Amino acid sequence: TESAANGGVSRAQAAFRWKQGEAAEPEGGRPSFLDPATASSASTSGLFAKGLRVELHSVKARPQMNGLRGVLLEQSEDRWYVRLDNDQGDKLVKVRNLRLIDGAAPTAGFASSRVSPTGVPSVAGAEDQFGGLDLPWYCLVGSWNRWQPIDMEWDSSQRCLVSTVEIGVAGILSFQIWLDGDWTKCLHPDRPDGSYMDAALLGPDDSGQNQNWTIGKHPQDKAARGSRFQIRLHLNEHGIAKAVDWVKTSQGSVGTASVAGSHGGRSGTGEANHSTFGDHSASAAELGVPTREYEVVHDLVYVRRYPSLDAAAIDQRAKGARISSVEETFDGWVKLDKTPGWILKDMRGTHGLHELLAAVGRPPQHLALAELAETLGPQNFEVVFSPQMVVRSAPSKTSAARSLKKCGTIAQAESQTYNGWIRLVDGEGWMLSYDPQYGQLLRCCSVEERKVQHAARQSAKEALDKAVAGQDLSRLQHAVAGARAAGLRGSPLQVAEAAVAGLQKQEEGRVALRCTIEAAAGSVGELQ
């Protein structure tokens, strides 16, 4: 019936012809999302909808919330649950305290015209994943077939929608994903030729012109003529699009692009800083390394695309959830096993938060760095095994050797496994930090530096204590200067500084008294 109504073509093909100017505009016209003219009356006209972006205003009880922005999640009588940007949580806000952001369009997956009686859009074959609820219908359009729409299929083994494509003679391939086969509900990256390493997923909206995903532009794609890639669209438990990724069918290299704004948004700084972060997509089984279990001890934690608070959030875990980690960075980010994403295990006072994940079970026997590093990012390790160490292609003694590092040289690593292997930066390879037969092979430079700094602070504290007890101003001033140079902080330094101030005041009194005595030296009575 649908095909006949459109002149013998499918709805996806009709939409394509309209986009190309080969057919008249479909009945009903282009769907227009809320514009500034209608935003002000949204609260009274019922135009608020799940997925729209809003701003809080006129909140009298908590004025600090005014100006915060987020995404509408679910309505509860005269209030809406709003997921605030920048990991500020979900808040229940009265309609009168919400205004639509100018030009707001639904976040990916929130809007669909093809819905079931349950209110969730439909796609067959996914009932086991989503408790019987239907899911949206998505189609893939791309450069390999002159942008003709192709329906994406549900893959029950991977729990996602998939479509396989082949790279042509140009060595690259560009594509978009359309909701309901409608180009005005396009899922697209936030820039032209978007790659999973540098772009966020936007839409569904009609702003996809020249905003295509492109396979083969980024070096990690390793695309060539004849290469086959499987494009995948991942949905959350509610059927909302949360990530696009693609995998080369002959290899397991996967890259992910998350929905911007859905779980705290995307920050350009985080994405740029980690655009060269290594490929961490392999599971523990694929790497042949052990995992470590953690339990979420905070109300809610976010799963981020890269190990950075600036990186886009692609999922979340609630308090009490158990996660399995395959590796972790030296500053406390754990990589989830068998699924994309990273979770920070300790905020260390940022935003007033501390421990987010608690380790479950016995700790690993051999870690290259057991304590959280004080400095963020990669850490330096010195080769202490003589004459040299092997850099390998995988965390295994039987894997291929890539290079050698002589004793005394420095290797920079970005993460570690739970059996002593460190992953070098820029995909250089892996090195073993400890061996039961040979002992310590690598020494973390930051740990040694920390030991030296601790010894310096301890020595400075002892000198302070002696100077305070001796009440000698010159010696105390010298001890305070040494303590500051050693980085000593807190009560010992404060006590010493107060003692210096007291002694300086006493000395000023003595100087004044000497002047008085000298001035009175001509008279015995005045002198007495």
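## Two helices and several sheets

Helices α8 and α9 are roughly antiparallel to each other, a label for angles over 145 degrees (under 35 is roughly parallel, 65 to 115 roughly perpendicular, and the rest oblique). This is a predicted model, in which local features need pLDDT of at least 70 and side-chain atom pairs count only at pLDDT 80 or more, while totals for chains, interfaces and linings use all residues. Residues are numbered from 1 along each chain as its sequence is written, and side-chain values use heavy atoms, leaving out hydrogens and water.

**The helix pair.** Take α8 (residues 473-485) and α9 (residues 491-519) in your viewer: their axes come within 10 Å and cross at roughly 150 degrees. The axes are lines fitted to C-alpha atoms, for helices over the stretch in contact, with angles from 0 to 180 degrees between N-to-C directions. The crossing of α8 past α9 is left-handed, meaning that the near helix is turned anticlockwise from the far one by less than a right angle (clockwise would be right-handed). On the α8 side, the contact (heavy atoms within 4.5 Å) is made by L473, L476, Q477, V480, A483 and R484, and on the α9 side by L493, A496, E497, A499, V500, L503 and Q504. These residues divide into nine nonpolar, two polar and two charged. Here Ala, Val, Leu, Ile, Met, Phe, Trp, Tyr, Cys and Pro count as nonpolar, Asp, Glu, Lys and Arg as charged, and the others, Gly among them, as polar.

**Two neighbours in α8.** Is L476 buried or exposed? L476 has a relative accessible area of 0%, so it counts as buried. Buried means under 20% relative accessible area, exposed over 50%, and partly exposed in between (1.4 Å probe, protein chains only). Leaving aside residues up to four places away in sequence, L476 touches L464, A467, V468, A496, A499, V500 and L503. L476 and L464 are 12 residues apart in sequence, and their C-alpha atoms are 6.9 Å apart. R475 also lies in α8, but its relative accessibility is 47%, and so R475 is partly exposed. With the same sequence neighbours set aside, R475 touches K466 and A467.

**The whole chain.** The protein chain has 10 helices and 32 strands; helices (H or I, at least four residues) and strands (E, at least two) are DSSP runs, numbered from the N terminus. Of its 528 residues, 45% are buried.

**Strands side by side.** Strands of a sheet pair through backbone hydrogen bonds, either parallel or antiparallel. In this model, two strands pair if DSSP finds at least two bridges between them. Five strands form an open sheet in the order β4-β3-β2-β1-β5, with antiparallel pairing. Its edge strands, β4 (90-94) and β5 (98-100), each pair on one side only. Neighbouring strands of this sheet are turned by 50 degrees against each other on average, direction ignored.

Here are some antiparallel pairs:

| Strand | Partner strand | Bridges |
|---|---|---|
| β2 (residues 69-76) | β3 (residues 79-84) | six bridges |
| β18 | β19 (residues 313-318) | five bridges |
| β27 (residues 410-416) | β28 | three bridges |
| β28 | β29 (residues 430-432) | three bridges |

You can find single partners too: E74 has Y81 in β3 as its bridge partner, and Y302 stands opposite Q316 in β19. Strand β18 (residues 300-304) is mostly covered, with four of its five residues buried.

Strand β28 (residues 421-424) is covered on both faces: W421 and R423 on one side and I422 and L424 on the other are all buried. I422 in β28 stands opposite Q416, while R423 faces W430 in β29. The hairpin of β27 and β28 has four residues between the strands, and G420 there takes a positive phi near 95 degrees. In the hairpin of β28 and β29, five residues lie between the strands, and D426 in the turn has a positive phi of about 60 degrees.

**Backbone surprises.** Most residues other than glycine have a negative phi, and most peptide bonds are trans. Yet S58 has a positive phi near 55 degrees; S58 sits in the loop between β1 (53-56) and β2. R159 has a positive phi near 60 degrees, in the loop between β8 (153-155) and β9 (160-166). Where are the cis bonds? One runs from G203 to P204, with omega near 10 degrees, and P204 lies in strand β12 (residues 201-205). Another joins S386 and P387, with omega about 10 degrees; P387 lies in the loop between β24 (379-383) and β25 (388-392).
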